[in-house]
Amino acid sequence: AIPIGIVGNAFAQCWNDRERLLLMEQLRRRIARAGYTPQDLLRMFRALDMDGDGQLSFEEFREFLPMMKINKSQEVAYRVFETYDDDGQGTVDFREFLMGAFPAQRYYMSTITSTTPAA
């Protein structure tokens, strides 16, 4: 049997993080409902990458939410950005972006490079 304290602590952590988790799920559902493919997301990524460096800053990333018709606080958006930023460098490359949107999409990720190819 699992001690009730462990279960309670795990529940409390999930409850405190619910907005971030719900926003990530909402993004994934909107992407799926719209029928976007990884190639479509690459085009979106390039459109969001205003300085063309192959990385999204938080300022660039947060423009993704209105594209998906989602209105959330900057704090929640930043927590999602941090989740997408796997390497902790303060930016999100296309691989991280794709993994955040399609976490099970491993095959497509193996066919692209870690930097966004030029348009």
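Contact here means heavy atoms within 4.5 Å. On that basis, and leaving aside neighbours within four places in sequence, Glu96 is in contact with Tyr84, Asp85, Asp86, Asp87 and Thr91. The model in which these contacts occur is predicted. Glu96 lies in helix H7. This residue is buried yet has no salt bridge. The nearest side chain of opposite charge is that of Arg95, 8.7 Å away. A salt bridge would need a nitrogen-to-oxygen distance within 4 Å.

The overall architecture comes next. The secondary structure comprises eight helices and two strands. Along the sequence, these elements follow the pattern α-α-α-β-α-α-α-β-α-α. The protein has 119 residues, of which 38% count as buried. Contacts between residues at least 6 apart in sequence were also classified by separation: 59% of them join residues at least 24 apart. The exposed surface of the protein comes to about 7,400 Å². Carbon and sulfur atoms supply 55% of that area.

Helix H7 spans residues 94–101 and is mostly covered. Seven of its eight residues are buried. These are Phe94, Glu96, Phe97, Leu98, Met99, Gly100 and Ala101. The N-terminal end of H7 is capped by Asp93. A side-chain oxygen of Asp93 lies 3.1 Å from the backbone nitrogen of Arg95. Leu98 of this helix can also be set against Gln39. The two residues are 59 apart in sequence, but their C-alpha atoms are 9.7 Å apart in space. Gln39 lies in helix H3, which covers residues 38–48. With a relative accessible area of 36%, Gln39 is partly exposed.

Aromatic contacts were examined next. A pair of aromatic rings is described by the distance of the centres and the angle of the planes. The structure holds eleven aromatic pairs. Phe61 and Tyr84 form an edge-to-face pair, with 5.2 Å between centres and 70 degrees between planes. This pair links distant parts of the chain. Phe61 belongs to helix H4 (residues 58–61) and Tyr84 to helix H6 (residues 74–84), 23 residues apart. Phe61 counts as buried because its relative accessibility is 1%, under the 20% limit. Tyr84 has a relative accessibility of 2% and therefore also counts as buried.

Phe64 and Phe97 form another edge-to-face pair. Their ring centres are 5.0 Å apart, and 65 degrees separate the planes. Here too the pair links distant parts of the chain: Phe64 is in helix H5 (residues 64–67), Phe97 is in helix H7, and 33 residues separate them. Both Phe64 and Phe97 are buried. The four residues of these two pairs belong to one aromatic cluster. Its members are Phe45, Phe58, Phe61, Phe64, Tyr78, Phe81, Tyr84, Phe94 and Phe97. Tyr84 thus appears both in this cluster and among the contacts of Glu96.

Charge pairing was then considered. Side chains of opposite charge can pair when their charged atoms come close. The structure holds three salt bridges. In one, Arg29 is joined to Glu25, with the closest N and O atoms 3.2 Å apart. Arg29 and Glu25 are four residues apart in helix H2 (residues 18–34), so about one helical turn separates them. Arg29 is exposed, with a relative accessible area of 53%. Glu25 is partly exposed at 34%.

Helix H3 holds the bridge between Arg43 and Asp40. The closest N and O atoms of this pair are 2.4 Å apart. Arg43 and Asp40 lie three residues apart in H3, so their separation is about one helical turn. Arg43 has 48% relative accessibility and counts as partly exposed. In helix H6, Arg79 forms a salt bridge with Glu75. The closest N and O atoms of Arg79 and Glu75 are 3.5 Å apart. These two residues are four apart, about one turn of the helix. Glu75 counts as exposed because its relative accessibility is 56%, over the 50% limit.

One backbone feature remains. Most residues other than glycine have a negative phi. Lys69 has a positive phi of about 60 degrees although it is not a glycine. Lys69 lies in the loop between H5 and H6. At 70% relative accessibility, Lys69 counts as exposed.

Terms used:
Residues are numbered from 1 along each chain as its sequence is written. This is a predicted model: local features need pLDDT of at least 70, side-chain atom pairs count only at pLDDT 80 or more; totals for chains, interfaces and linings use all residues. Side-chain values use heavy atoms; hydrogens and water are left out. Buried means under 20% relative accessible area, exposed over 50%, partly exposed in between (1.4 Å probe, protein chains only). A polar contact is a pair of N or O atoms within 3.5 Å; within protein, one must be able to donate a hydrogen and the other to accept it, and residues adjacent in sequence count only if both atoms are side-chain atoms. Rings of Phe, Tyr and Trp (its six-membered ring) pair if their centres lie within 6.5 Å; planes under 30 degrees apart count as stacked, over 60 as edge-to-face and the rest as tilted. Lys and Arg count as positive and Asp and Glu as negative; His and the chain ends are not counted. Accessible areas come from the Shrake-Rupley method with a 1.4 Å probe; for residues, only the protein chains shown count as cover.
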